[in-house]
Amino acid sequence: MASAEKKSDGGAVKSNKVASKFASMVAPKQSCIRCGKAVYATECEKSAKGDAFHRQCFSCAEPTCRQKLNHRNARTNPGDPEIYCRGHVPKMAAGNIGPDAMNMMRLKQYSDMQKKLNKKATLKAAKYDLSSYGIQGDIQSQSLVKDKNENKLDSLSEHHFPAVLMDANEQYQNELRDRQALLEQQQKAEEDALFKKFEAERREAATEASKETELEWESKLKGIIAMLEKNNIDETEFEKRKAEARKDYELRKSQILRNKTIRVAQKQQRETSALVDRQGDEMLKLIKDQKEILAKDMQEQLEDAKNNATGDTKDEKREAAEWLDGLGEESMNIEEVVTGIVGTTEAPPPRATHNPKTEIMPDEGDDFFNEVFDNHVATVAENEQTSFTELVHILTGPFMDDLSKARAIYRWITYKDLNKIDFCEGGLDSPMGLMRGIKYGTETYHTLFKRLCSYAGLHCTEVNGKSKSVGYEPGMKFDGNAFRNTWNAVLIDGEWRLVQCNWGARFMVINKDKDSKSQDSEDKKNIKYQYDEHYFLTDPEDFVKEFFPNKPEWQLLESPLTLEQFEKQPLIRSIFFHLGLKFKQEYEAVLDASETGGVDVRIMVPQQIARDTAFLYQLRFIDKARARDVEYRGVKLDRFVYQSMDENEVIYSVHVPTNGEYYLQIFASKMDTTKQGQLTSMDGVKLKCVCKFKITCSGREEKMFPLPPCAPGEWGPTKASRQFGMRPMSHPKGVLIAENNLKDFVDAQFDDEHLRVKVGFPVEGQYGLDIYAKPKNAPGDQPLAHACKYLVNVTNVQNIVDLGLAQLSTALNACMGNWGALPDINKYSMAPQSHANWKVKSSSPLTVIYFKVPHNVVLTAHLVKEPDENYHEHLQIQREGHETMRITVNGLRENGNYMLMMFARFHSDDSTEYNNVFNYLVRFGPESQQKQELSA
């Protein structure tokens with residue numbers, strides 16, 4: 001028997017021998033499981049359970065195999081100390097969970113439990129790291145410190161109480177699993193009967209729908225026959241009308257059946273939920289009974305260990321007894337140990353949650369949860385289990401705490417692809433059993449989550465209420481049964497936490513695999529489900545942004561919201577919380593615009609991700625007549641929104657163009673910093689909606705002009721910094737104020753490190769300055785990408801440049817009533833090449849006009865919709881060849897008359913004045929309408 005040494009006050013070294021039923025806990029023998037001989041540290045290999053082997057003995061136990069193993073590929077089997085290769089492990093549960101995963105999982109459970117229990121401990125237990133479980137070497141013993149009497153004991157053993165916990169866990173979990181399996185068989189008989197009842201109800205609903213519509217069909221057919229006899233309709237016409245009536249009948253039948261099926265499914269969901277509630281209570285009672293047996297048995301064993309502790313002297317007997325007593329009563333409280341194994345037995349009423357999710361969940365970079373944990377869940381999900389008992393045992397068996405068990409279940413539900421489950425005919429006995437209920441709509445994800453939690457010893461309930469789900473828009477009222485929803489509350493370490501499995505599993509990613517050869521299974525292979533971590537244990541103050549329970553206590557808030565307060569909150573989606581965004585102030589869902597149509601929204605971004613987070617927006621009309629319009633009077637609506645980022649604050653300044661109602665939708669995404677310096681790091685970035693507002697404007701008095709027609713997106717240098725690593729040296733904000741002008745409007749100078757842009761302005765007004773860039777090592781033919789833009793407000797111009805007829809207001813006054821070629825056209829040797837007639841009719845949104853324009857002539861143009869709407873954005877002018885210009889009118893949507901005015905000047909002219917040379921009347925609309933108007 002191993003011994004422990006300690007120094008007495010006199011400095012002499014004495015031996016302390018301890019013998020009890022827990023001898024392996026205090027000083028386990030280091031004997032090889034395979035050959036039985038002594039194992040020394042230098043030649044020791046450990047299995048996932050911590051059993052010792054010689055390195056030469058560390059091989060598959062199957063006599064016909066004897067494959068050499070290591071800690072990564074060795075498999076174990078519950079109740080069996082031997083190790084196996086993957087191909088010969090007797091039980092799938094052990095074979096599917098690699099020892100590396102088991103070691104790290106159990107290590108985490110022990111570490112968490114030690115932290116919790118050592119808060120009360122008088123005798124501190126040893127600490128364990130990866131090396132403690134054979135991952136990096138032999139177990140390193142650590143001293144146990146008895147704080148109460150300040151007596152120090154040298155290391156007694158390589159394995160302390162956690163190893164015994166695992167043994168007890170396996171022993172009692174195996175017994176518990178057997179009892180659960182027996183109870184599940186009894187419950188399954190009820191489930192089978194209920195499912196057969198459901199099938200009968202659906203058949204009955206289909207029969208009723210057929211009978212109901214059959215009477216309508218017979219009546220309709222009689223009417224057609226009567227019409228045939230009365231009006232002498234020929235047989236061809238009769239068959240035509242009969243086919244049309246049959247089509248209406250089938251559509252009507254389908255609608256009736258769908259409505260009946262929905263009502264039946266809702267009723268069956270309620271029945272299934274009630275059954276799972278009752279069966280869950282039965283399962284939890286079984287676990288409670290097992291807990292009481294376990295607690296009693298463990299207490300007796302500890303008492304027996306104390307009574308049988310032996311030693312050479314009375315002092316050694318007393319010290320061993322005190323040490324075991326410390327384990328049993330102080331360091332390892334039996335109730336806490338049992339709770340860690342089988343869970344909490346009594347559920348408290350709902351009350352406010354005090355510990356935020358960030359305090360109980362590991363960091364996002366935790367390798368255990370991101371790799372080992374999720375890999376374990378994936379392994380289980382990719383295999384089939386024949387019962388819920390087996391599933392939950394394999395899924396949660398490696399874990400001892402509520403959090404890990406609940407997350408394993410959540411991840412399994414959000415990972416599992418139900419489309420791949422084989423629901424064979426007569427499949428009540430097929431793998432996954434009543435899981436078919438989800439496929440056929442009789443069982444929901446939240447009901448399944450509740451069921452699996454009961455098998456894991458977790459208290460879970462369903463919460464009914466309303467949600468801001470698909471179809472909900474900001475400002476809507478929750479009337480009637482619209483937007484009903486159900487989610488879960490699960491008890492974690494004595495506190496209720498909120499879970500929404502349906503929303504956590506609703507994201508899909510299309511996997512574009514060009515090598516996929518099977519067309520039949522292509523859809524299933526190309527769809528991958530992504531889970532949303534936000535909806536697992538969501539903090540109540542965040543959860544209530546999207547979900548409102550019928551019972552206010554299930555908000556889990558100190559001060560619950562009213563339904564009116566819930567409705568007034570902005571529409572917020574999970575990405576808002578993932579990115580850690582915050583509103584700078586409280587906003588309501590409906591924002592009232594000022595007299596100038598102005599509304600401001602400001603969002604704070606965490607400093608550490610501000611530089612790498614991209615934002616975008618969309619402004620749209622609400623009324624159905626204009627819901628798809630992206631423009632107002634030829635101007636894109638996005639030009640009425642100013643977006644910029646000032647340090648870690650995103651600013652949206654909206655000035656709507658006219659009275660009405662609008663939706664402002666804001667999108668965001670964390671960008672991949674490894675793509676910095678590419679043509680555009682927006683490639684592959686999927687922007688997701690973070691929030692949405694309704695804007696109402698009814699008292700707008702002033703005319704609001706749009707922002708300059710620059711590249712879409714944010715203003716200011718932040719984009720250039722994010723995508724190209726450029727840094728502003730002089731103007732860090734997106735808006736500039738200018739009070740002077742230069743001879744040249746734009747002058748850019750660039751050296752190896754700096755870009756200097758000088759801008760002059762011809763007249764007062766608002767201008768947009770776009771800056772483009774590309775990496776130095778980019779190919780020569782690679783186009784420049786938009787880097788950033790500035791909004792320049794020019795308030796004082798000393799030397800105004802006369803732009804003459806190039807100004808729209810002046811051009812309209814000078815050109816009105818003058819059509820076709822004007823006298824100055826000969827001055828510039830210009831002539832139309834494609835459209836000599838000044839009247840142009842078009843039913844297509846695209847019109848192309850070619851004009852002869854010598855190379856020494858500058859051509860510009862205006863496009864105006866009657867009477868004075870500027871459609872300049874729909875006009876493009878390009879030179880094609882030495883003396884040909886291509887004028888393109890594109891994107892017209894509104895029917896009506898448009899005036900295309902063309903102006904010219906010589907390159908050599910000192911003046912910037914342009915002369916009107918040709919005017920077209922473009923009539924856009926349906927061809928029949930144009931003919932009628934032209935003839936009139």
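These legends walk through four close-up views of a predicted model.

**View 1. A nonpolar patch on the surface, built around strands β28 and β29****.** Welcome to the outside of the protein: here Val746, Phe750, Leu755 and Val757 make up a nonpolar surface patch. Together these four residues have about 370 Å² of accessible area. At least two residues of the patch come from β28 (746–750), and at least two come from β29 (755–759). To get your bearings, find leucine 755, which sits in strand β29. Leucine 755 counts as partly exposed because its relative accessibility is 39%, and partly exposed covers the range between the 20% and 50% cut-offs.

**View 2. An open sheet of three strands with mixed pairing****.** Follow the strands across the sheet and you will meet them in the order β27-β31-β30. The edges belong to β27 (735–738) and β30 (765–773), each of which pairs on one side only. From one strand to the next, the twist averages 30°. Look next at β27 and strand β31 (residues 785–794): these two run parallel and are joined by four bridges. A handy landmark here is isoleucine 737, which stands opposite asparagine 793 in β31.

**View 3. An open sheet of four strands with antiparallel pairing****.** The order to trace in this view is β17-β19-β24-β23. At the edges lie β17 (582–583) and β23 (641–646), each with pairing on one side only. Strand β19 (residues 598–604) pairs with strand β24 (residues 649–655) through seven bridges, in the antiparallel sense. If you would like a pair of residues to look for, try isoleucine 603 and, opposite it in β24, valine 650.

**View 4. Strand β10 and its two partners, β9 and β11****.** Strand β10 (residues 484–492) is mostly covered, with eight of its nine residues buried. Strand β9 (residues 460–467) pairs with β10 over seven bridges in the antiparallel sense. Within that pairing, valine 463 has tryptophan 487 of β10 as its bridge partner. β10 also pairs with strand β11 (residues 495–499), again antiparallel, over five bridges. Another tryptophan appears here: tryptophan 496 in β11 is the bridge partner of leucine 491. Where does the hairpin of β10 and β11 show a positive phi? Look at aspartate 493, whose phi is near 50°, in this hairpin with two residues between its strands. As you follow any of these ribbons, keep one pattern in mind: in a regular strand, side chains alternate between the two faces of the sheet.

Key
Residues are numbered from 1 along each chain as its sequence is written. This is a predicted model: local features need pLDDT of at least 70, side-chain atom pairs count only at pLDDT 80 or more; totals for chains, interfaces and linings use all residues. Side-chain values use heavy atoms; hydrogens and water are left out. Patches are made of residues with over 30% relative accessible area and no salt bridge: like charges are joined within 9 Å, nonpolar side chains (Val, Leu, Ile, Met, Phe, Trp, Tyr) within 5 Å. Accessible areas come from the Shrake-Rupley method with a 1.4 Å probe; for residues, only the protein chains shown count as cover. A salt bridge is a side-chain nitrogen of Lys or Arg within 4 Å of a carboxyl oxygen of Asp or Glu. Buried means under 20% relative accessible area, exposed over 50%, partly exposed in between (1.4 Å probe, protein chains only). Two strands pair if DSSP finds at least two bridges between them. Axes are lines fitted to C-alpha atoms, for helices over the stretch in contact, and angles run from 0 to 180 degrees between N-to-C directions.
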